[in-house]
Amino acid sequence: MKRLRILLVILLVSVASIVEAQKTVTGVVTDTKGEPLYGVTIRESEANNSAVTNINGQFSIIVSNDAAVLLFRYMGMEPFKTSVKGKTTLSVKMNEQTTTLAEAVVVSTGYQRLSRERSTAAFGFVDSTKLNRVMHKDLLSALEGQVAGLRMDINPNTGEGSPILRGIGTFSNNVGTKPLIVVDDMATNMELSEINPYDVESITVLKDAAAASIYGALAANGVIVITTKQGKTNKTTVSVNADWYISTKPSFDAMHYASTSDIIDYETNVYNARVASSGSVKTLFDTYKNNYYSPLYQLYRDQAEGRISQADVDNTLNQWRQNDYYSQYRDHVWRTSITQRYNVSLSQKSQKSNHFASFNYEHDKNRIQNDNSDAFSIYLKSNFKVSKWLDVKLGIDTRFTNSSTPDGSYTSYTMQERYASIVDGQGNYVYSPYVNVSGYTGGSINGSRVRELQEQNIGALLPYSFNVLESLDEGVTKNRNVRMRPFINLEAKFLKWFKYNVMFQYEWAQTRKEQYDEPDSYQMRLTHNAFIDQTTQTSQLPEGGRYYQQTNNSRRYTFRNQLNFEKSFLDFKHNVNAIMGMELRENRSSRPIEQLMYGYNDTALTSVRMDWQSLYNVGINSLVYNENVKMSGLSTSQSEVFHRYASFYANVGYNYLYRYNLTGSIRWDEADLFGLDTKNQHHPLWSIGGGWNISEEQFMKGISWLDFLKLRVTYGVNGNVDQSSTTYFVARYRTEGSDPTNSQYLRYTDDNLPNPKLRWEKTSTFNVGMDFRLLNNLLSGSLEFYNRVGDDLLVRKYLDSTIGATSRVINNGKMRNQGLELSLTANIIRTQEWGLTATLNYAYNKNKMLSVEHNPTDIASNFITAPENYRIEGTSYNTCWAYRLSRVVNGYPVILDADGNEMAKFDADGNPTEVTYTSTLKGTDALVNMGTFTPIHTGSLSLNLRWRELELNTLFIFSGGNKLRLDVTDMNSYQMTTDHVNDHTVKHYYEMPTGSVAQQNASTFSEWWRYCDEQVRSADYLKLRSINLAYHLPEDIIKKIGIGPTRLTLQVNNLFYWSAAGHDIDPESYSVKTGTRTLQQPKTISIGFSTTL
Amino acid sequence: MIRHLTSYIILLASYLFFFTSCDSYIDITPKGAVMVQTADEYYELIVNPMRSYYPSPFILLTDNQWAKESDILGNESTSADGINFTFNEQADRTLLADNNLYENMYSFILRSNLVIENIDNANGPDDIKTLAKAEARTFRAWDHFLAVNTFAKAYDPATASQDGGVCIVNYYDLESTPRKSTVAEVYDFIIRELEESVDLLQEKPVNIYHPNKAFGYALLAKVYLFHRDWEKAKKAAEVSFSLNSALADYNLIKNAGGTVYYKEFAKENNPEVLSYMWMAGWGGGEEVCMMHYGMISPELKELFASNDLRYSIFFRDKVTATNQIGNWFDQGSGAAIWLPAIKNTDRFTYMSVGLRTAEVYLMLAETNARLGDLTTATGYINQLRAKRLSGTSTDISVPATQKEMMDSVIMERRKELLFGFNRFFDLKRFNLEPDYQKTITRKFPVVNISETYPQKTYTLAPNSRLYIIPFPRSARDKNPNLTLNTDE
């Protein structure tokens, strides 16, 4: 603990200076509401004297003469000038600059609040006005485009984003890319989407090491600090918000689906080709055994077996050609999804206390019927001034969510063939004789088998008929989740300059899940039939439903002790603030509670005791499947997570004359034994930084167009914890199934072997930044450059197997992210009636893997399909590798190997005679590096136009510099649903000669075509994320009614996009690596109403 | 004053808090995993039911084995099976995809090294530590023995000190680059390890996966035998024999109607098993791969006398609906296949890799024969045959010459020690002796003859380089010391 003593010494360092005997003026600066302003700069005109207000708004300045004029400046406030003639105390009220955007003034790092002018770090700052200017379903989407360098990685299937700050900095999946989320000064497990945006006062994104290294081994991915609201005025303020989000049904247009008729023709062609190459109809269908194949195949099989005539086939096909399952699904299963949200918040402030309370209710009616959810959240926070020296803050944040989700087997519109139908012309349900669903055991089944079984007249057999509208309410999963976060913070002031904080936060979350399948549901009918015994001809599955229940609990606490020191020396020339503290954290996920019952009666709440030993281990001889079928059951093992961390930290800031800033921070982290050996944990993570407020210098006074200019330089090291790696030798008791004696023994993998050299992942960041404000706030912004190097990253190293292990994860990786970030705000028009503000956030990020290893035997296709796991040193993470296309011969694409030889040979007619397996290509020698899948340029442009009571906001998102693959013809596909059925640039399976080398290698040709360099395009796109029109009720009206500011909003999301790739490809709803389309995010119309009382 | 007092109390309290040690706070062990720390835990680490070895690099080289033709045709130079079965000396085996055999052996060596290296610093009684180290050293010797006989030339007293062997890894260091030793050095190491350990082993350990003393001496005898120390081999085999000479009487199985009905030798109850080690392969541990490599050659099939229960109980040469062997077997090839039903260890435990007392009988016969005591040698053979053949006339008579005696021993070894490394190692060592060396010939294909695949006769010379398996590519790439022991 020697280091703590050193810290104390650092903390108490003071700098001597010379005192001059002149007049001293003291005073306090507040805003119009009487709130003290922290960080106001005060400068004497015509002289070099200046001061800054402390956290209580107080200041003291030495002036050169009695009649000196003082200039007060503060970001977001009108500059204020006053003479001190005859005065030694002043009380200054500053007016808000009406036309400016609220700029960050005091930012929170979670450990301390700092005036922006006194910090050296790179922050991104978003206040509640900015957050709520446009309507957002949750906080996550509210953050999109708000901070340069914070990018949302959008999942093409769900449309949901995950935040990534300044690029990907680690290879470890356990660490991930998620920034640390801090709410009310404490790190939390909560997701951004779980936080109510109306509770948020401001968000600070800590980008560089100077800002984030105080979080030590948690902060390599950056930190998002969320500060919640508190009472501002003596009056009780009530805010009411009501929002509706209406999402239309998505369109199939951009999917480029083929017509039903084309699909039938295509599948028929493939069927004929397959029959020809298998030799006979019987051999083809023998390969399927009892498994599912399409109704079209069934039709042809029935014809071949003489059950139906050619006329019957033609009739059925003509009927089918009229069907369109997808649009029926859209019409009957989907609905317009609506989210309603109501929020009421109250706040009050008095001399001795400050309270904030909010209640939020949200109801989601999702796209699929029966997919609903409700969420309630209550947030209470109070501050009490217990005595002159003691403040207590306590509160609780709770959230309850209930949701019901239909069985995933039925929620895809592709669950049945395009030529199937749901309802007929009269609106009656159309029943399919069977569908491609597997049940809980057994597997899917085909038409011939279903018919055979029906013909056998087995009493126990339940019908296989299916209609999706009937099954949508079967087996609905109900989730009930609770999350609670109580917290308390005691703050004691003593010895004038010291404050001591004790903070405690507890988080508890419970998720409960239950699923009930009715006895006559499709899944249960399938399962019941699968368990019909061959000999007894009765089902071994008890009669009744199936009930599954699972409960998970997790808890976490953080306990922090912190000592704060703040003092100005020698007439406010030297200002020192420092903190030191320690933190204990515990993270725990308990063993889940699970239960599974069969023969369940949902009314009586009873079930039948099952012979699991025989059904699970031995199984029965199934009549339906003609083979042994075993019951699937619950796992016999459990797992839990339990980790503890202890950290010590300190941070010192020194400021001279409000112009020069120096900061430094240091932190030690220790984790429990399953992380690191304690002796390897004592390497501190640290940062240093310097800032220079150039505009405060005497020599800059003459430049009138420059309001503010500051330069910042920081360097520091953050860390990452990967608790799955360990220094110690860890083994697990296992029973080996094939061991004749069934004994338990200690089993370990190569990665469990002791690794005494394991240490934290480290990320060092060098950051240079500049903040500026020009032309009386016409243009303001900041520019950052960073070089972020992740070192000692955990990455797999391949070993000489003679050592006894083939590979293991060690601290051997190195990855660099370099980037540039620009934030610009232009207040173009600022009149009483008109206002136009434009904000641009732009980020450039370039990634390079400096040290990483791959296994020389890894095949080329791994690098193509999973570049995030198969990496080449010197390239960027997520590199877009492609085969080199040589040419397309007679509809067959051919690629080149590493030596430039074609991988296939052709005869004179252009038919392939020999194909070299793609798996013989190792590494990336035969591949072309086309760039990266990760965007290099990202950002947003938002425009805010105001005219009297009307406000128009638009938000554009852009992203580019990366690549995507076009969606191409699947040459080996048996069922093709897209308009590629009519594309003959390359050959389809059925167009290849029967039984030829080409047909045998159709999947190889297809792979070459899909992944060749010709198919790679730019993924640049620009999207109008939202356009929003707000109407503020005129002041005279609201005064008459007796309410506060009131606003009505109408907003449309996803109205328009432009994409460089064309072909209706929206990179946000497109799997760029595989080149597959997903449904484009539908337009969302939002209506909002907000008022205050 | 009071206010100041409060301040000081806070300061003092915070000061004390900072200085409290946090090491105990973070000292937690979550459930679900074991941190191997105590001597008892290291001792348990020796238990490994998954001691299984992947046989594909060599198994089809022997005259005991046969293969399904569809696995070989077209793969004559591209797969280990294809090369080995057609004795293709021209093929470049260094380009073959890696197999797990080398990895298996050295990962088991690492397991032993973990015990040997760490147990002295662990908490626990000294007797456990001594025992654990002796057991781990025994196993470590065993794996080095398998490795040197697989990847290097068989021990030849004349050239062993020049012949390239394998790496001796007797330490735990994941960042080291082991050095290749000569065959002589590896044998010296193995013998020293075993001589210092076997006496410390227990006669009846708590778990069958710990090496017992009878196994230790049997292994020592086997190593001496391969090292050509006939006298020492005989003595060690006699110690093992004195500790366990039980044999499973196959007549009991036959009389009951087969292994399905007589399960007394199933699981851990086969009295003649000295150590539990398996051939690995398709789908995991134990003898699952018997399906793939469980076919014996027509030549071996013909060697079994009609009353030899080692054939009639376990092998079939006809596909029927009930035995379902069609997937792995070519009917009409003249070969026979180990009944897949046997893989169900509920019915019979056959040890393809681990040692059995039967092998000790055969080693005693061989050492006595080598030393000229043909009567004793014959006695051991006949004791074994009595439990393996049905009827009353199971004995062989004492042969006239040492060569004839040795031929009988070799013949009996072929029939008794099926699968695993047994025949492969025997061929390698006997091929060094002009009297006993053998050129293998094989006619193939037998069933699927076509224009593309005409029937040919393939031969394997006694000194073929194929008998030395090349080190896997991944190991050679990472370790420059691992030069090939052949001229490939």
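Two strands are taken to pair when DSSP finds at least two bridges between them. In this predicted model, strand E23 (residues 498–517) of chain A and strand E24 (residues 545–569) of chain A clear that bar, with 20 bridges in the antiparallel sense. One bridge in this pairing puts Asn501(A) together with Gln562(A) of E24(A).

E23(A) has another partner too: strand E22 (residues 477–494) of chain A runs antiparallel to E23(A), and 16 bridges hold the pairing. Here Leu490(A) sits opposite Val502(A) of E23(A). E22(A) and E23(A) make a hairpin with three residues between the strands, and Leu495(A) takes a positive phi near 45° there. As a general point, strands of a sheet pair through backbone hydrogen bonds, in either a parallel or an antiparallel way.

Further along chain A comes another hairpin, built from E45(A) and E46(A) with two residues between them. In its turn, Arg948(A) has a positive phi of about 50°. Strand E45 (residues 937–947) and strand E46 (residues 950–960) of chain A are antiparallel and share 11 bridges, and Asn944(A) faces Asn953(A) across this pairing. E46(A) also pairs with strand E49 (residues 1021–1032) of chain A, again antiparallel, through 10 bridges. In that case Leu952(A) has Leu1029(A) as its bridge partner in E49(A).

Parallel pairing turns up in an open sheet of chain A, where three strands are ordered E4-E1-E7 and the pairing is mixed. Strand E4 (58–63) and strand E7 (89–94) of chain A are the edge strands; each has a single partner strand, so one side of each lacks a neighbour in the sheet. From one strand to the next, the twist averages 30°. Strand E1 (residues 23–31) of chain A runs parallel to E7(A), and six bridges link the two. Gly27(A) is bridged to Leu90(A) of E7(A) in this pairing.

Over in chain B, the residue to look at is Arg413(B), which lies in helix H16 (residues 402–416). Is Arg413(B) buried or exposed? Its relative accessibility is just 3%, so Arg413(B) counts as buried, given that the cut-off for buried is under 20%. The side chain of Arg413(B) makes a polar contact of 2.6 Å with that of Asp426(B). With neighbours within four places in sequence set aside, Arg413(B) is in contact with Asp426(B) and also with Leu225(B), Glu359(B), Leu362(B), Met363(B), Glu366(B) and Arg429(B).

Definitions and conventions:
Residues numbered from 1 in each chain as written. Chains lettered and ligands numbered in written order. Predicted model: local features only at pLDDT ≥ 70, side-chain atom pairs only at ≥ 80, totals over all residues. Heavy atoms only, no water. Helix = DSSP H or I, 4+ residues; strand = E, 2+ residues; numbered from the N terminus. Buried < 20%, exposed > 50% of the residue type's maximum accessible area, 1.4 Å probe, protein only. Polar contact = N/O pair within 3.5 Å; in protein donor to acceptor, adjacent residues only side chain to side chain. Contact = heavy atoms within 4.5 Å. Axes fitted to C-alpha atoms, helices over the stretch in contact; angles between N-to-C directions.
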